[in-house]
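Biologist: I would like a close look at a single part of this model. Please begin with one residue and then work outward to the ligand and the chain.

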Amino acid sequence: MATLVLVAGARPNFMKIAPILRALAARTPPVEATLVHTGQHYDTSMSDVFFQQLGIRSPDIYLGVGSASHAQQTAKILMAFEETLLELDEPAGVVVVGDVNSTMACSLVAVKLGISVAHVEAGLRSRDRRMPEEINRVVTDAVADLLMVSEPDGMRNLKAEGIADNKICYVGNVMIDTLVHQLEQARELHMAAKLGLEAGKLALVTLHRPSNVDGRERLGALVDFLIRVAARVPIVFPVHPRTDNKLREYDLRDRLAAAEGVQLLEPLGYRENLSLMADAQLVISDSGGIQEETTYLQVPCVTLRPNTERPVTVTEGTNTVVGEDLDKAWQTVAAVLSGTNRSGKAIDGWDGRAAERIVDVLVERWHLG
Ligand code: UD1
């Protein structure tokens, strides 16, 4: 039987790939899959730890592309993945997840070789073309054959873009599959206590968007904001390598690290991060996935971005998008700390079974197994 090719490249891909691999293996007979890791993320803390904790088998093929400018990184993935697909014997299709450079590059390679592409987490739109991920989403959805959607807005966006109904399926959120699968083990880690903090009385912070961290002025303002928050509630901040480089370059790291109530950590494993998120009074972040995870956990999230491609987390969930205005962010943080923030509702298909639905669609449409 022709193999299915699954692509993983960067940290937020790994929690989406893990349940899909499990669901493929659980079919009778199992669906054969080749796992390709592009190497967009390569540090132990950004990649290997996720493979270990999430029980993802070692990649069958590792492309080792590493970090570079967008054009260079994308070009390296295009060239290496084309070679990979040509060496495989007529794959049954390629599955890509999320919105990172690996997602877009591998989709382009596959369609140009006449191989079908399924995009998991299709249809999300921030309508902000300054975000590299938005370009990746638009391009991937334009060329993919099967669009697997995680939240209601994604259906509307794809239909509005004129994509044929028979290409679009609502499958729910595969990232929540991993959260459900890992939550108990994560809670058992008691990360808050290990950091000398009380569960329910900490703020978890993550920041890595270029729009927040790549400029001295904005990053400096965010450091001041975090120091202000830390005077009210202890903050735990696992620092992404991009952010760490910039904090050092702009001489901001020492001031933040020395501030009362601030703990800066290396990037955390999936479970360690989930343990802290589940025990947080609030999360302050510019991540995409964390908006969804906090909605599922019913933990308030303050998103330091002007927009979101995941609006259901705002309309139904616990997310507040505060824009660039740090005074508004402060007001939201103060409201959460005084207990006046709202709690969220459950979202359709965010139930721990999205990967099974994804595999059902793949088996039926691509005649696998
Ligand atoms: C990428 C994704 C982003 C995702 C994020 C999660 C794109 C366009 N961006 O952004 O959507 O939210 O991953 O982390 O695909 N670095 C290391 N070690 C690593 C990886 C990166 O030190 O293992 C450093 C390098 O200095 C690198 C920088 O981080 O230049 C940025 O990495 P890159 O993959 O280009 O983008 P991210 O900011 O991680």
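Biologist: Is His190 buried, partly exposed or exposed, and what is its relative accessible area?

Modeller: This is a predicted model, and what follows is computed from it. His190 has a relative accessible area of 49%, which means that the residue is partly exposed, since exposed begins over 50%. His190 sits in the loop that runs between helix H7 (174–187) and helix H8 (191–194). Its backbone has a positive phi of about 45°, although His190 is not a glycine.

Gln298 can be described in similar terms. Phi of Gln298 is near 60°, again a positive value in a residue other than glycine. The loop that holds Gln298 lies between helix H14 (289–297) and strand E12 (301–303). With a relative accessible area of 40%, Gln298 is partly exposed.

Another backbone feature is the peptide bond between Thr28 and Pro29, which is cis, with omega about -10°. Pro29 is placed in the loop between helix H1 (11–26) and strand E2 (33–37).

Next, the ligand. There are 20 residues around the ligand, and those that come nearest are Gln40, His41, Glu133, His208 and Arg242. By class, the shell contains six nonpolar, nine polar and five charged residues. Helix H5 (132–143) and helix H11 (241–249) each contribute at least two residues to this shell.

Several side chains place polar atoms close to oxygen atoms of the ligand. For Arg242, a polar side-chain atom is 2.6 Å from a ligand oxygen. In His208, an N or O atom of the side chain is 2.8 Å from an oxygen atom of the ligand. For Asn245, the distance from a polar side-chain atom to a ligand oxygen is 3.3 Å. The ligand on its own would expose 740 Å², and the protein buries 87% of that area.

Last, the chain as a whole. The chain has 17 helices and 13 strands. Its C-alpha atoms fill a box of roughly 60 × 40 × 40 Å along the principal axes. The radius of gyration is 20 Å, which agrees with the value near 21 Å for a compact globule of 369 residues. Buried residues account for 60% of the 369 residues. Among contacts in the chain with a separation of 6 or more, 70% are between residues 24 or more positions apart. The accessible surface of the chain is about 14900 Å², and carbon and sulfur atoms make up 49% of it.

Conventions:
Residues are numbered from 1 along each chain as its sequence is written. This is a predicted model: local features need pLDDT of at least 70, side-chain atom pairs count only at pLDDT 80 or more; totals for chains, interfaces and linings use all residues. Side-chain values use heavy atoms; hydrogens and water are left out. A residue is near a molecule or strand if one of its heavy atoms lies within 4 Å of it. A polar contact is a pair of N or O atoms within 3.5 Å; within protein, one must be able to donate a hydrogen and the other to accept it, and residues adjacent in sequence count only if both atoms are side-chain atoms. Accessible areas come from the Shrake-Rupley method with a 1.4 Å probe; for residues, only the protein chains shown count as cover. Helices (H or I, at least four residues) and strands (E, at least two) are DSSP runs, numbered from the N terminus. Ala, Val, Leu, Ile, Met, Phe, Trp, Tyr, Cys and Pro count as nonpolar, Asp, Glu, Lys and Arg as charged, and the others, Gly among them, as polar. The radius of gyration is taken over C-alpha atoms; the globule rule is 2.2 Å times the number of residues to the power 0.38. Buried means under 20% relative accessible area, exposed over 50%, partly exposed in between (1.4 Å probe, protein chains only). Contact means heavy atoms within 4.5 Å.
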